[in-house]
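Here's a walk through one model, strand by strand and helix by helix. Have the viewer open while you read.

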Amino acid sequence: MIDALPTRRDEAWKYSDLRAALREDALVLRPGRDIIERLAPGVERITVGPGETRTLVEIMDGAAFDARAVEIDIAAGGAVQRVIVQTGTAPVLSMARVALGEGAAFRQFIYAEGAKLARIETHVAVGGPQAHVGLDGAYLVGAGRHADLTSVIDMQAPHGQARQLIKGAARRGGRGVFQGKIHVARAAQKTDARQHHHALMLEEGAEIDAKPELEIYADDVACAHGNACGGLDAQALFYLRARGIPEAQARALLVEAFVAEALPDWLPGETRSAIETRIAAWLEAAP
């Protein structure tokens, strides 16, 4: 059964060796369209009616292997706000397939601290015009932690908008992965899509793997994507140190400000506070 799991030889899993991560776990494979659905105990199905608004919050903090799959169908004018908070140490897998009707909106924010292997995958199909997609996220990974945020946005209808901002930071022995693809079909004229990933490698031995993609077949669009990985700004760090702030605190302030830019305005207040507390705790745990 373990041979059915993908390895880094599989293009979609080139940065996340699932077979190695699950080698010691007892697994059950079920029918499904992909390996995450096959490992999940079932597929949750959520239907959001016309004009309906719904907020979904998922917590992944277990100490045992966890695989989840969900399908979300958002009718015309409907809206979903989805938040995922991943903090556990055991391998965790998540697959979401989202379908949008005319004028529908799907906004998602992921906060991930990684695990032995954590992969949170999102596929969005924009089937109606004037729909909006926002896929944002932040990851903070330390030694022995692996966080993989993978997404595909398929723009199939005109006048759609897509926004994606992922920010992350990795310490020595931590690995962050971002794979994001926006596909714009020929029928999706007037699409406005922006995708950005920015990450900090805080120590030697940290690893970031990023693969942003745009695949465009329409000829009347406004699309852009970008990726940047590096260390902390030396001038900003010097500025804070020159004002009497200890180096560890100065570094924490810079990382906190960097990551906070990814937190969207629509996050529920209690959820935002919980995530900010997690970020502060991660920074305080720095060696």
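What follows is a short tour of the two sheets, a helix packed on one of them, and a few single residues.

## Two sheets, odd and even

Keep in mind that this is a predicted model. One open sheet has seven strands with parallel pairing, in the order E1-E3-E5-E7-E9-E11-E13. Its edge strands are E1 (43–48) and E13 (207–216), and each of them pairs on one side only. Ignoring direction, neighbouring strands here are turned by 10° against each other on average.

The even-numbered strands make another open sheet of seven, with parallel pairing and the order E2-E4-E6-E8-E10-E12-E14. E2 (53–60) and E14 (222–230) sit at the edges with a single partner strand each, so one side of each has no neighbour in the sheet. From one strand to the next, the twist averages 5°.

## Strand E8, covered on both faces

How many residues of strand E8 (residues 132–141) are buried? Ten of the ten are, so the rest of the structure largely encloses this strand. You can check it face by face: His132, Gly134, Asp136, Ala138 and Leu140 are buried on one side, and Val133, Leu135, Gly137, Tyr139 and Val141 are buried on the other.

E8 has partners to pick out in the viewer. Strand E6 (residues 105–112) pairs with E8 in the parallel sense over eight bridges, and alanine 105 has histidine 132 in E8 as its bridge partner. Strand E10 (residues 161–170) also pairs with E8 in the parallel sense, over ten bridges. There, histidine 132 stands opposite glutamine 161 in E10.

## Around E11

Back in the odd-numbered sheet, E11 is mostly covered, with nine of its ten residues buried. Strand E9 (residues 146–155) pairs with strand E11 (residues 175–184) in the parallel sense over ten bridges. Two pairs to look up are histidine 146, which stands opposite arginine 175 in E11, and aspartate 148, whose bridge partner in E11 is valine 177.

E11 also pairs with E13, again in the parallel sense and over ten bridges. One residue pair to find here is histidine 183 with its bridge partner in E13, glutamate 215.

## The helices on the even sheet

Helix H4 (residues 247–260) lies across E8, E10 and E12, and runs at about 165° to E12. Helix H5 (residues 269–284) packs on the sheet as well: it touches E2, strand E4 (79–86), E6, E8 and E10, and its direction makes about 30° with that of E6.

H5 is worth a closer look. It has 16 residues and reaches 22 Å from its first C-alpha to its last, close to the 22 Å expected at 1.5 Å a residue. Which residues of H5 are buried? They are Thr271, Ile275, Ile279, Trp282 and Leu283. These cover an arc of only 110° around the axis, which puts them on the same side of H5. The spacing is a familiar one: an α-helix has 3.6 residues a turn, so residues three or four places apart point the same way. The cover over the buried residues of H5 includes E2, E4, E6, E8, E10 and H4. On the other side of H5, Glu270, Thr277 and Glu284 are exposed.

## Cysteines and the E14 edge

Strand E12 (residues 192–201) pairs with E14 in the parallel sense over nine bridges. In that pairing, alanine 199 stands opposite cysteine 229 in E14. Is cysteine 229 buried, exposed or partly exposed? At 36% relative accessibility, cysteine 229 counts as partly exposed. Cysteine 223 is partly exposed too, with a relative accessible area of 22%, which is above the 20% cut-off for buried. As for disulfides, a search of the whole structure finds zero.

## A look at alanine 99

Alanine 99 lies in strand E5 (residues 92–100). Its relative accessible area is 33%, so alanine 99 is partly exposed. Leaving out residues up to four places away in sequence, alanine 99 touches Ile72, Asp73, Ile74 and Ala125.

For a distance check, try alanine 99 and aspartate 154: they are 55 residues apart along the chain, and their C-alpha atoms are separated by 9.7 Å.

Key
Residues are numbered from 1 along each chain as its sequence is written. This is a predicted model: local features need pLDDT of at least 70, side-chain atom pairs count only at pLDDT 80 or more; totals for chains, interfaces and linings use all residues. Side-chain values use heavy atoms; hydrogens and water are left out. Buried means under 20% relative accessible area, exposed over 50%, partly exposed in between (1.4 Å probe, protein chains only). Helices (H or I, at least four residues) and strands (E, at least two) are DSSP runs, numbered from the N terminus. Two strands pair if DSSP finds at least two bridges between them. Axes are lines fitted to C-alpha atoms, for helices over the stretch in contact, and angles run from 0 to 180 degrees between N-to-C directions. Contact means heavy atoms within 4.5 Å. The expected span of a helix is 1.5 Å times one less than its number of residues. The arc is that of the directions from the helix axis to the C-beta atoms. A disulfide is a pair of cysteine sulfur atoms within 2.5 Å.
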